[in-house]
Amino acid sequence: MSEDKFTLETVLSVKRWANNLFSFTMTRPAHFRFSAGQFARIGIDVDGEMVVRAYSVVSSPFEETLEFFSIVVPDGAFTSRLQHLKEGDQIYLEKIPYGFLTLARYQEPLPQDLWLLATGTGLAPFISMLQDFDTWKNYQHIVLAYSVRTPEELAYVDQIGEIQSVFAEEGARFTFLPIVTRDPLAKLNQRLPKLIVSGELEQVANLKFHVDRSHVMLCGNPQMVEDTIDALKSIGLVMNRRGVGNIAVENYW
């Protein structure tokens, strides 16, 4: 691994959310600057070879440490090793952040309503955005819809509540909508595309999608992103191109 491209950092903590989900924090080099919503490239040694993957940053751009949220892929070359991280282990971090899933990409429409739609570990960049004062100052309404399969997979719920309490006076009205697709008793238990097309997501959020008001960000598994884009287009929203439009996605898959 080229030392001029990566730095060697230290794992500070590891948290297990569910059998297939964990997060970890690591040291942050002073030179590593990023915008909320961007991702980093992390490297580990696998049988003598360096394997690198992209991970959205969970932590605020203003924190002294870096946090990442990961799923465990059975027999995956990367996460099957990464899941065994422990405090004190060392891990590679590329010096440059990447990605355009940032609020700065929006020019039109002007910021009014912000919809953050995530599945699984796609929650990560939105936790980072919600820890930025500018997000709360610039928007009138913020909706975070977080879809998982089972209740055990609902990560960061306490932190979302803490973020809301800290930033509640900054202006925006915040609505958190957990979705559990395999729990028939959950208030919301359908996939995001179906909830959008049926209008149920808007009804529960008490907010309408609107081409002249809505910024909609998607992060999660590729099939969810594709299907949700189609659903949003079916109700009149458009992709964000060169700063203009409603729908923004991350493309590191």
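Here are some friendly notes on this predicted model, to read with the structure open.

1. **The sheet.** A good place to begin is the open sheet of 6 strands, whose order is 4-3-6-1-2-5 and whose pairing is antiparallel. Which strands sit at the edges? They are strand 4 (49–56) and strand 5 (65–71), each of which pairs on one side only. As you step from one strand to the next, the twist averages 40 degrees.

2. **Strands 1 and 2.** Within that sheet order, 1 and 2 stand side by side. Strand 1 (residues 6–18) and strand 2 (residues 21–27) run antiparallel and are joined by 6 bridges. If you would like one residue to look up, try V11: its bridge partner in strand 2 is M26.

3. **Charges over rings.** Next, look at two side chains that lie over aromatic faces. K15 lies over the face of W17, at 4.6 Å from the ring centre. R16 lies over the face of F22, at 5.5 Å from the ring centre.

4. **Aromatic pairs.** How many aromatic pairs does the structure hold? There are 11. One of them is F22 with F24, a stacked pair with 6.2 Å centre to centre and 25 degrees between the planes. Both F22 and F24 are buried. F32 and F34 make another pair, this one tilted, with 6.0 Å centre to centre and 40 degrees between the planes. F32 is buried, and F34 is buried too.

5. **The two faces of helix 4.** Now turn to helix 4 (residues 157–167), where I160, I163 and F167 are buried. Why do these buried residues line one face of the helix? Seen down the axis of helix 4, they fall within an arc of 60 degrees, so they share that one face. The face turned away from the buried side carries the exposed residues D158, S165 and V166. Try looking along the helix axis yourself to find both groups.

6. **What helix 4 packs against.** Which elements do the buried residues of helix 4 pack against? Two are helices, namely helix 2 (124–129) and helix 3 (133–138), and two are strands, namely strand 8 (141–148) and strand 9 (173–180).

7. **A ring cluster to finish.** F167, one of the buried residues of helix 4, also belongs to a cluster of aromatic rings. Ring pairs link F167 with F133, W136 and F174 in that cluster. For orientation, F133 and W136 fall in the range of helix 3 (133–138), while F174 falls in that of strand 9 (173–180).

Note on methods:
Residues are numbered from 1 along each chain as its sequence is written. This is a predicted model: local features need pLDDT of at least 70, side-chain atom pairs count only at pLDDT 80 or more; totals for chains, interfaces and linings use all residues. Side-chain values use heavy atoms; hydrogens and water are left out. Buried means under 20% relative accessible area, exposed over 50%, partly exposed in between (1.4 Å probe, protein chains only). Helices (H or I, at least four residues) and strands (E, at least two) are DSSP runs, numbered from the N terminus. The arc is that of the directions from the helix axis to the C-beta atoms. Contact means heavy atoms within 4.5 Å. Rings of Phe, Tyr and Trp (its six-membered ring) pair if their centres lie within 6.5 Å; planes under 30 degrees apart count as stacked, over 60 as edge-to-face and the rest as tilted. A charge sits over a ring if NZ of Lys or CZ of Arg is within 6 Å of the ring centre and within 35 degrees of the ring normal. Two strands pair if DSSP finds at least two bridges between them. Axes are lines fitted to C-alpha atoms, for helices over the stretch in contact, and angles run from 0 to 180 degrees between N-to-C directions.
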